[in-house]
Amino acid sequence: MKDSWQYKTFKVFNTIILLLIVVVTLFPFFNILAQSFSSEAYINSGQVTLWPKGFNVETYKVIMSDNMFWINYKNTVIYTVVGTVISLILSTMIAYPLAKKRLKGRRFLTMFFVFTMFFNGGLIPNYVLVTSLGFGNSIWAIVIPNAISVFNMLIMRTFFENIPDELEEAAIMDGSNTFGILFRIVLPLSKPILATMMLFYAVTHWNSWFPAFIYFTDKELFPVSIYLRNMIKGAESGLGTGASSADNLVQISANIKSVTMILTVLPILVLYPYIQKYFVSGVMLGSVKG
Amino acid sequence: MEEAGRSTGPKTTKISMPKKRNFQAFKKDWQLYALILLPIIYLVIFKYVPMFGNIIAFRRFIPGGSIIGEDWVGFYYFKMFLSDPTFYNVFANTLILAFLLLVITFPAPIIFALLLNEVKNRLFKRFVQTASYLPHFFSIVVVAGMVFEMVALNGPLNSLIAFFGGDKINFIQLPEWFRTIFVSVDLWQGLGWGAILYLAALTGINEELYEAAKIDGANRWKQTLHITIPGILPTIVVLLILNIGNFLQVGFEKVLLLYNPLTYETADVIATYVYRIGLESGSFSYGTAIGLFESIVGLILVFGANYLSRRITDNSLW
């Protein structure tokens with residue numbers, strides 16, 4: 001099989017384009033990483049690109065000795081764990097019954113869930129509901145209202161549909177009821193999809209900031225994303241005030257911001273090489289039926 | 001009521017059969033229904049109640065008062081936004097950003113997937129893919145922080161401009177740069193992840209089709225045009241319909257983090273305006289009216305796109 005010269009030329013350009021995409025994708029991250037280990041003076045004069053200049057770990061020490069940072073970090077961990085557990089349980093409770101083709105009203109129930117993907121109450125009615133339930137300044141404001149992703153639920157449903165009925169029928173013969181089948185047969189067989197869903201939900205909860213932003217006033221309850229957000233937006237409001245001292249302030253915080261960003265994404269970065277293939281396989285599983 | 005009750009009388013024999021069958025089906029599967037009951041209650045409270053909560057768009061709402069408002073005001077708040085010049089500005093901004101997302105960030109992952117599909121070296125393919133997903137897993141707050149660093153006066157982008165002898169640009173404060181920044185960020189974060197579903201669809205295309213095309217003398221470009229693209233068209237259509245309602249939301253959280261009063265002129269969108277009017281200024285009813293308008297337009301777009309797609313391409317969500 002010989003390729004035409006046009007196709008060979010294309011392949012060369014294709015490789016170059018893809019490499020450029022990789023560079024552009026990774027550059028901001030490595031730039032922030034380099035900044036986080038650099039001293040302000042070098043960042044200030046725009047000399048830091050991919051390698052730290054004026055090596056400095058002081059800022060890491062400063063941030064890591066900030067009590068509030070750790071309180072907020074711990075909050076993020078708690079919200080992520082509790083939120084992921086709730087999301088997983090609720091999604092399974094929907095996806096499993098809806099995967100049963102014989103279930104009466106299955107179509108209607110599916111539409112009932114899917115409709116919420118296309119139409120939702122909107123920001124303010126949701127806010128009114130959540131606050132009037134007394135969820136303000138509590139973990140429930142974060143982990144309950146957005147517990148279910150219908151998209152994730154549909155991926156799960158597709159997976160459950162593909163579990164052979166014979167396995168369940170055998171269990172019914174042995175006298176198992178629905179819950180027995182679910183816990184002893186279906187869930188153990190569904191480890192790959194459960195792992196994927198767990199990761200999907202965990203990343204969403206880890207990265208969430210907006211609910212905490214509108215429902216929380218108590219600093220002690222903030223997730224680390226709000227800690228970072230306030231730092232970024234606070235520094236920004238000092239931007240362009242004209243005074244050179246203000247400029248200096250912004251540049252000092254460039255280093256601090258970089259450190260906080262790196263610490264915030266650290267768990268995801270550490271786990272990324274191991275988990276990214278689960279994400280991909282999860283999307284693939286769901287795409288079988290579209 | 002009385003009349004309706006009587007008129008169903010003679011029919012009871014007719015409908016008792018399916019009712020009995022329904023009951024038996026329910027009796028057999030009651031455990032499945034029991035399982036899904038809690039999520040249904042959850043959904044009613046947290047998704048459907050807020051939908052009906054939109055009633056405050058037609059009623060005067062006082063924070064702290066009744067959650068369905070105090071008294072009817074009809075279309076008062078709708079007339080209000082129709083005569084609000086800021087509304088027209090944010091509406092136009094929303095449409096422009098949604099249009100840019102539709103023509104740039106939606107097709108980009110398709111092209112990326114097609115380019116990746118031409119790579120025969122598996123290791124290189126994996127490397128490019130893995131690298132391209134990474135930004136998807138970053139919190140939008142971190143992404144916004146990175147953007148501010150990238151486009152800062154002393155940041156890498158301005159250093160590059162200075163290197164080529166240009167004047168430094170204060171990107172984040174200039175309204176004319178907001179759309180470019182927004183679309184670039186969206187592209188940067190979503191390109192790799194968005195391509196996954198297309199790559200999955202590409203692996204599902206029958207190899208024999210390509211073999212047959214080669215025998216017929218079709219080159220790689222012709223094969224792409226007549227086999228690859230038709231092969232992934234259903235995926236493209238489904239994703240387009242799924243996303244068309246979201247385009248109007250234009251990644252509201254991202255705008256909220258990236259904009260500032262200096263760039264409102266081009267950056268302020270319906271969702272951020274609703275946020276400021278409702279949650280910052282406390283005009284709940286007014287904000288809800290604008291939000292409801294946006295939601296309904298979004299819903300019409302989804303149904304419209306689904307209908308058109310069913311007529312034209314035979315692919316649809318339902």
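Let's start inside chain A, with helix α5: its buried residues are Arg106(A), Leu109(A), Thr110(A), Phe112(A), Phe113(A), Val114(A), Thr116(A) and Phe118(A). Keep in mind as you look around that this is a predicted model.

The helix itself covers residues 106–118 of chain A, 13 residues in all. From the first C-alpha to the last, α5(A) reaches 19 Å, which is close to the 18 Å expected at 1.5 Å a residue. So what lies over those buried residues? Part of the cover comes from chain A, including α4 (67–98) and α8 (150–161). Chain B pitches in too, with α3 (30–53), α12 (220–247) and α16 (284–312) among the covering elements.

That brings us to the place where the two chains meet. The contact draws 93 residues from chain A and 89 residues from chain B. Together the chains bury about 8,600 Å² between them, and carbon and sulfur atoms account for 77% of that. How many salt bridges are there between chain A and chain B? The count is 2. For an example, look at Arg102(A) and Asp29(B), whose side chains meet in a salt bridge at 2.7 Å, N to O. Polar contacts turn up here as well: 18 residue pairs across the interface of chain A and chain B, with both partners at pLDDT 80 or more. On the chain A side of this interface, α1(A) gives the largest share, 19 residues.

Now let's stay within chain A and see how it is divided. The domain assignment gives domain 1 (1–56) and domain 2 (67–287). Their C-alpha centres lie 31 Å apart, and 11 residues of domain 1 of chain A are in contact with 11 residues of domain 2 of chain A. The area buried between these two domains is about 840 Å², with 68% of it from carbon and sulfur atoms. Three residues are worth finding here: Ile32(A), Ser36(A) and Glu40(A) supply 47% of the area that domain 1 of chain A buries against domain 2 of chain A, more than any other three residues.

Across this domain interface in chain A, there are 0 salt bridges, but 5 residue pairs are in polar contact, both residues at pLDDT 80 or more. On the domain 1 side, the elements that give two or more residues are α1 (5–36) and α2 (40–44) of chain A. The largest share of that side, 5 residues, comes from α1(A).

Chain B is divided as well, into domain 1 (16–57) and domain 2 (79–312). Taken over C-alpha atoms, the centres of these chain B domains are separated by 36 Å.

Note on methods. Residues are numbered from 1 along each chain as its sequence is written. Chains are lettered from A and ligands numbered from 1 in the order in which they are written. This is a predicted model: local features need pLDDT of at least 70, side-chain atom pairs count only at pLDDT 80 or more; totals for chains, interfaces and linings use all residues. Side-chain values use heavy atoms; hydrogens and water are left out. Helices (H or I, at least four residues) and strands (E, at least two) are DSSP runs, numbered from the N terminus. The expected span of a helix is 1.5 Å times one less than its number of residues. Buried means under 20% relative accessible area, exposed over 50%, partly exposed in between (1.4 Å probe, protein chains only). Contact means heavy atoms within 4.5 Å. Domain bounds come from an automatic or database domain assignment. Buried area is the accessible area (1.4 Å probe) that two parts lose on being put together, summed over both. A salt bridge is a side-chain nitrogen of Lys or Arg within 4 Å of a carboxyl oxygen of Asp or Glu. A polar contact is a pair of N or O atoms within 3.5 Å; within protein, one must be able to donate a hydrogen and the other to accept it, and residues adjacent in sequence count only if both atoms are side-chain atoms.
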